[in-house]
Amino acid sequence: MILMNDFKAEPNELRDRMHKAARKVIDSGWYVLGNEVQLFEQQWASFCGVSSAVGVGNGMDAIEIALRSLEIGPGDEVITSSMTAFATVLAVIRSGATPVLADIDAETALLSVESAFRCLTSRTKAVLLVHLYGQVRAMKKWNDFCGKNNIVLLEDCAQAHMARLGGKTAGGFGVAGAYSFYPTKNLGATGDGGALITQDKDLAKVAEQMRNYGQSIRNQHPIIGLNSRLDEIQAAILLERLKGLPEFTKRRRQIARAYCDGIKNPLVQHLALPEEKEAHVYHLYVIISKVRDALQEYFTQNQIQTFVHYPIPIHQQIPCINMAHDPNGLYASEKHASTCLSIPCHPQMSDEEVEAVINVANTFKLD
Ligand SMILES: *Cc1c(COP(=O)(O)O)cnc(C)c1O
């Protein structure tokens with residue numbers, strides 16, 4: 001079986017370094033918010049080209065903490081995509097703000113500026129832009145849109161580690177970027193983890209308090225916070241895995257390239273190519289087919305695992321049925337949900353496995 005993710009196939013050398021890193025923390029006797037977290041925060045901020053990173057419990061909390069640190073909450077509206085992980089919208093709900101769901105562009109599956117425009121009201125405070133599948137696109141357009149309408153740009157970078165456009169890294173375009181280090185992400189821990197990055201030192205300071213009960217110094221709680229801290233073992237492991245991120249990303253791009261060139265079947269379409277080579281990190285390689293379910297079945301029969309990201313747009317999830325949305329509807333999201341398919345694109349795939357995926361995609365036909 002060719003899997004969507006295969007951690008067991010990772011190099012032994014990497015696993016050894018991870019073991020050593022965890023052992024070091026265990027032997028140190030210091031387990032939460034210590035030197036490893038601080039070092040990782042420094043390295044991640046520098047890697048992303050921003051001044052601050054704040055390690056938190058997971059990617060969803062990173063979004064909630066960004067919103068709450070900016071005092072976006074009850075009565076405020078946040079425009080985001082209906083084609084995203086549920087966590088994106090759940091974070092907005094948890095902040096107390098009101099999500100407003102906009103549609104996507106069919107060629108990229110990313111938030112549509114035109115749709116976001118139709119979602120604007122006098123209560124709109126932010127756009128939460130999701131760099132879906134690892135793509136960073138049209139950032140000048142988004143910066144202009146938010147500037148013109150006097151709203152904040154926030155970035156959900158959970159799928160876009162190391163994605164760069166015009167020399168800038170995901171999370172560095174808006175006021176803050178939220179990262180997840182869930183194991184399957186391009187930079188993943190061996191458990192949950194996340195970080196908020198920002199160029200705004202004051203915002204970083206509030207976020208640091210927010211993640212730790214709203215505590216400024218011991219026993220002083222000037223703000224209402226939560227408990228969402230990155231722990232030392234995860235930070236130590238992330239420091240080791242970060243060293244290999246450029247290499248892993250390069251491999252993802254090679255695989256994507258092979259798919260883009262090699263998959264030629266009239267029943268299968270590709271999403272639009274990235275604006276620049278660096279602007280897509282292929283967290284997921286997504287193909288489109290109007291006979292998606294039959295195609296997925298064919299992959300399964302041929303021992304290739306595939307997933308759908310995402311089969312149900314947010315506005316069709318039970319708690320979100322009555323959520324505010326683009327008055328013109330969310331038809332591109334609905335169509336994408338019924339036609340998209342994610343095929344294996346992880347760094348451990350061999351050339352033979354990539355060839356096998358291409359062959360199966362190309363031999364698929366309707367009977
Ligand atoms: C994974 C993911 C999240 C949530 O991250 P967690 O660390 O699982 O909380 C949010 N948004 C997107 C787009 C994601 O892919």
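**Exercise 1. Find the loop that holds A138, then check its backbone.**

Start with the location: A138 sits in the loop between strand 4 (124-130) and helix 6 (139-148). Helices (H or I, at least four residues) and strands (E, at least two) are DSSP runs, numbered from the N terminus. Now the backbone: A138 isn't a glycine, yet its phi is positive, at about 50 degrees.

Before going on, some ground rules. This is a predicted model, where local features need pLDDT of at least 70 and side-chain atom pairs count only at pLDDT 80 or more, while totals for chains, interfaces and linings use all residues. Residues are numbered from 1 along each chain as its sequence is written, and side-chain values use heavy atoms, with hydrogens and water left out.

**Exercise 2. Locate the cis peptide bond and say which loop Y310 belongs to.**

Look between H309 and Y310: the bond joining them is cis, with omega about 10 degrees. Then place Y310, which is in the loop between helix 10 (292-301) and helix 11 (331-339).

**Exercise 3. Work out what surrounds the ligand.**

First, the shell: 14 residues are around the ligand, and G59, D156, Q159, S180 and K185 come nearest (near means a heavy atom within 4 Å).

Next, sort the shell by type: 6 nonpolar, 6 polar and 2 charged. Here Ala, Val, Leu, Ile, Met, Phe, Trp, Tyr, Cys and Pro count as nonpolar, Asp, Glu, Lys and Arg as charged, and the others, Gly among them, as polar.

Then pick out polar contacts (N or O pairs within 3.5 Å). K185 has a polar side-chain atom 2.7 Å from a ligand oxygen, and for N58 that distance to an oxygen of the ligand is 3.5 Å. A side-chain N or O atom of T88 lies 3.4 Å from a ligand nitrogen.

Finally, name the elements giving two or more residues to the shell: helix 3 (59-69) and helix 4 (86-95).

**Exercise 4. Describe how helix 3 meets helix 4.**

List the contacts (heavy atoms within 4.5 Å): M60, I63, E64, L67 and R68 of helix 3 meet A87, T88, L90, A91, V92, R94 and S95 of helix 4. By type, these residues divide into 7 nonpolar, 2 polar and 3 charged.

How values were computed. Polar contact = N/O pair within 3.5 Å; in protein donor to acceptor, adjacent residues only side chain to side chain.
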